[in-house]
Amino acid sequence: MLDFVQQLVSGVALGCVYGLIALGFVLVYKATEVVNFAQGDLMMLGGFFAFTFIGMMGLNYWIGFAGAVAAMALFGMLAERVVVRPILGYPQFSIIMATIGLGYFLRSVAGMIWGTDDLKIETPFSQGVLRIGSLVLAYDKLSVIAATMILCTLLYLFFNKTTLGTAMRASSENMLAAYYMGIPVKRVVSIVWAISAAVATCAGVLLAPITFIHSNVGLVLGLKAFPAAVLGGFGSIPGAVVGGVLIGVIESMAGFYLPEGWKDVAPYLVLLAVLLLKPEGLFGHHVRKKV
Amino acid sequence: MRFLFKTDYEDDIKLFPHSGYYVSYGVLLALLVIAPFVLSSYLMSQLVFVCIYATVGVALLILTGFTGQASLGHAAFLAIGAYTAAYLQKYNVPFPVYFLAAGGLTGIIGAMVGFPALRLTGIYLVIATISFALIVEEILARWESVTNGNEGMRVKTLSLLGVTVPRDSPTFYFLCLAVLVLTIVGTLNLLRSPTGRAFVAIRDSETAARSMGVNVALYKVKSFAISAAITGFAGVLFAHKLSFISPEMFTLQLSIEFIIVILIGGTFSLHGAVLGAIFIVMIDPFLTYLKDDMPGMIAGVAATFGAGPATAGNIKSTVAAFASLNGLKGAIYGIIIVLFVLFEPLGLYGRWLKIKLFFQLFPLYKRATFKRQKIYVKSERNR
């Protein structure tokens, strides 16, 4: 039983990271109907920025964290401006390829600048554990869970309660109609990319104590975040986090109870099952087009 | 400028629209036939890879270019073909039998992937094919009784009708070339048949195709099966060329490379697969060449512009250090993909058509001829 709870908590913590990356997918998808295959690499880059500020320049953890988030938000805007905006409105496949190319580029450049070793960021919650009875919970994992909950709530409120959020939802439904209604679609898309890069940075920094930062971490985790986003229903903010947590728990349970090898495959089997049985996901809603 | 007057449907679907084609393709074929007696063994080896990549590119074009179903899982089909060949070879099955068996098995698995894919479009299909490829990769690593796990499998030298064909012999090259040519001719014939027309109709509009009486589900599965089978054939040749296969050769990276082949070549014509394959196979030796010669060249240029020997030496070592940086190749790959998507969406073959049209219409060429229409209103969720 204790093993089960222990596995559950580490699964939830891992799942929250998947959820945060999936959240980035969902934000961009919600606003522009584009899937950003470089999301995991944005997370990796955010982690490296934070490492530069905290580990190399010796700034305070929170200042470094904020600096990395701000820098990555600007970077997200830049990436949108250079890579995505010229091909917005063209077939989705072009944009997928462009973001795959961007991911390649970021991975290689990060490898060139920061080397290929595993890097570690010292955080206030690197050490220390919370003991409840005989249950031992590490602070770093708890911090990931807490931060994910906060971010998810903020973003949900932002999308559903603020004017800017409504504008974003409108431009995702129909870009041209939104433009006619006076929504500055280009600026909205640019802001969405900034937000999703910032969320990715949070994931990267929180992840740093659990799995170290290296240039391929984005690819590995980014691929695991797809099942999370699909399970939650591409396009739903709470769905992304719930899907991420479920995938994380399934993965860590499969690693503990099933023979070796299932751990890596389980998320994708779940993904295929979801796509076959319920393609709209847990939280997505299916819209039929009337002719 | 040549005007083609078509008087009936037979004229319209001719494989060689006019006599110029006989000349140009004849010359190309002659060059390819004498290539092994002229080129170095390294270039010949690269040419074999071009043939294999182009075969996969044609397969991918059938699925992605003409049926409109994106796939990032073709490395898995290649792996299934390669492993089938390696496994059957252990039991002394002759080459023609396992060649066909590999293609057949891959085709069946392709159809099985196609069935679930019927309900998926766009991004979901891409994600599903990625998952399929990752699962296949894991199975290859774990099913040790058949695939030998991560240690990989040795592939014996090909023997055809009692004659052994080493992997770097001209005969092997001709075999690969023959497979490529047969694939291209077969695909051209397929595309002018009712099946091929149905594929293109599905790509352009599924709803319209269905209302014209095209059985969308059947043709999508057919497209998947044909594409997978051709990739399986290529997989057999790939296994023989490498003479050793292991799961880490068939990663997502390889699937992306195949997509880059058709993206760079151009997704609307079979020429694209060949041009893209040449590009992707030759970029490696080209980058190596640049890495070796670039520093000296730049230093030479600096020296001619009056830099002292010390400065020139400095420049040379700086450039050399930059060129040997780890991961430079990946960065260049990334930039190439992005640049092609942004500035040359029709690929190399599209560029060739533009240049040809420019000279045909000189001086009346209009850039807008090839301009694509932007669509802002399409929402995948409401489709």
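1. A glycine is a good place to start: Gly306(B), just after H13(B), takes a positive phi of about 95 degrees. Please keep in mind that this is a predicted model, so the angle is a computed one.

2. Helix H13 of chain B, residues 270-304, is worth a look along its axis. A kink of about 45 degrees lies at Asp293(B), and the proline Pro295(B) comes shortly after that residue.

3. Helix H4 of chain B runs over residues 74-90. From first C-alpha to last, H4(B) reaches 25 Å, close to the 24 Å expected for its 17 residues at 1.5 Å a residue. The helix is mostly covered, with 14 of the 17 residues buried. After H4(B) comes Asn92(B), with a positive phi near 60 degrees.

4. Now to the contact between the chains, where chain B contributes 42 residues and chain A 43 residues. On the side of chain B that touches chain A, the elements giving two or more residues are H6 (122-142), H12 (252-265) and H15 (328-343). H6(B) supplies the largest share, 11 residues. By character, this side of chain B divides into 26 nonpolar, eight polar and eight charged residues.

5. Finally, the interior. The largest nonpolar core has 199 residues, and those with the most contacts inside it are Val17(A), Ile21(A), Leu23(A), Met72(A) and Cys176(B). You might enjoy centring your view on Val17(A): leaving aside neighbours within four places in sequence, Val17(A) is in contact with Val144(A), Ala203(A), Leu206(A), Leu207(A) and Leu221(A). As a general background, nonpolar side chains tend to be buried together in soluble globular proteins.

Technical notes: Residues numbered from 1 in each chain as written. Chains lettered and ligands numbered in written order. Predicted model: local features only at pLDDT ≥ 70, side-chain atom pairs only at ≥ 80, totals over all residues. Contact = placed C-beta atoms within 7 Å. Helix = DSSP H or I, 4+ residues; strand = E, 2+ residues; numbered from the N terminus. Nonpolar A, V, L, I, M, F, W, Y, C, P; charged D, E, K, R; others polar. Core = buried A, V, L, I, M, F, W, Y, C linked by C-beta atoms within 7 Å. Buried ≥ 20, exposed ≤ 12 C-beta atoms within 10 Å, placed from the backbone. Bend = angle between axes of the 7 residues up to and from the residue. Expected span 1.5 Å × (residues − 1).
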